[in-house]
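Here is my note on the model you sent round. Please read it with the coordinates open.

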Amino acid sequence: MAQKADLSSLAEALLSGSVEVVDLSAPLGPQTPLIKLPPDFAKNTPAIEIHNISNYDKNGPFWSWNWLKLGEHSGTHFDAPIHWISGKDYADGSTDKINPKNFVAPANVIDCSAEVKKNPDFLLSADGVRAWEKKHGDIAKGSWVLMRTDWYTRNGSEKEFLNADDKGPHSPGPTVDCIEYILSKGAIGWGSETVGTDAGSAGGMTPPFPAHNLMHKSNRYGLASLCNLDKLPPKGAILIAAPLKIVNGTGSPLRVLALVAR
Ligand code: 23J
Ligand code: MN
């Protein structure tokens, strides 16, 4: 019979720093870049607002607090299966109903930063993932696949981050066959450093927005606007990515943390 697991060595490693906690989230505020959908999808997520209620003053003498106006899909955020029409019927497809064990999982980090530096429209294909697996090992069932692009270094400027011209946004992402392949390996989710999980060009793919359409069709998750993927090893980090327990939530801003052995 297997022995009961013991977390004391993890507790010690966290204290000593031999396991480091890396913050993969961007600051969340009025300056956070937000997706701009084309005019045929008229309605967009509104700008983030932070309103003060009291600040140790006549409105609350001993306390400070704020209220927020905040779209679910704002900043570093989690995409739940019911976000997309292809995942709308999953009983456990909203942020409040996902089994929390899915919020802690290993991460595979595929470095595409050199390709993206040359071409902001770069797409990671199934062949690209297979080449990565030859070097670093298989994508394990239940693990995240994260596309490292260093795109997060643009996150401070909405213009640079969205990188749009008259032809639309130019930002990297996955091909259809990339998403099909990682699903065949049992990936729990797909994560990117861009404003959404799909490439800027993904509206023209078949199906449109494959990271959304296919991942959510399989009851799997997305993470968008991740930061600091360059601080992670290709394999071995553990991701903690728990969305707010929004009732019937389609997604949620969140703090994404990675445990990394040093
Ligand atoms: C709504 C419509 C299209 C897209 C998105 C949202 C996202 O990227 C998102 O934040 O989930 S592509
Ligand atoms: Mn989203």
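The points below run from the overall fold to the metal site.

1. Basis. This is a predicted model, in which local features need pLDDT of at least 70, side-chain atom pairs count only at pLDDT 80 or more, and totals for chains, interfaces and linings use all residues. Residues are numbered from 1 along each chain as its sequence is written, chains are lettered from A and ligands numbered from 1 in the order in which they are written, and side-chain values use heavy atoms, without hydrogens and water.

2. Fold. The protein has 6 helices and 15 strands. These are DSSP runs: H or I of at least four residues for helices, E of at least two for strands.

3. Dimensions. The radius of gyration is 19 Å, which agrees with the value near 18 Å for a compact globule of 262 residues. That radius is taken over C-alpha atoms, and the globule rule is 2.2 Å times the number of residues to the power 0.38. Along the principal axes, the C-alpha atoms fill a box of roughly 65 × 55 × 40 Å.

4. Burial. Of the 262 residues, 45% are buried, meaning under 20% relative accessible area (1.4 Å probe, protein chains only).

5. Metal site. Which residues hold the manganese ion (ligand 2) as protein donors? They are His-73 (ND1), His-77 (NE2) and Asp-79 (OD), 2.0 to 2.2 Å from the ion. Their sequence spacing is H-x3-H-x1-D. Both His-73 and Asp-79 are buried. Donors are N, O and S atoms within 2.8 Å of the metal (3.2 Å for Na, K and Ca); water is not among the atoms, so sites may look incomplete.

Conventions
Buried < 20%, exposed > 50% of the residue type's maximum accessible area, 1.4 Å probe, protein only.
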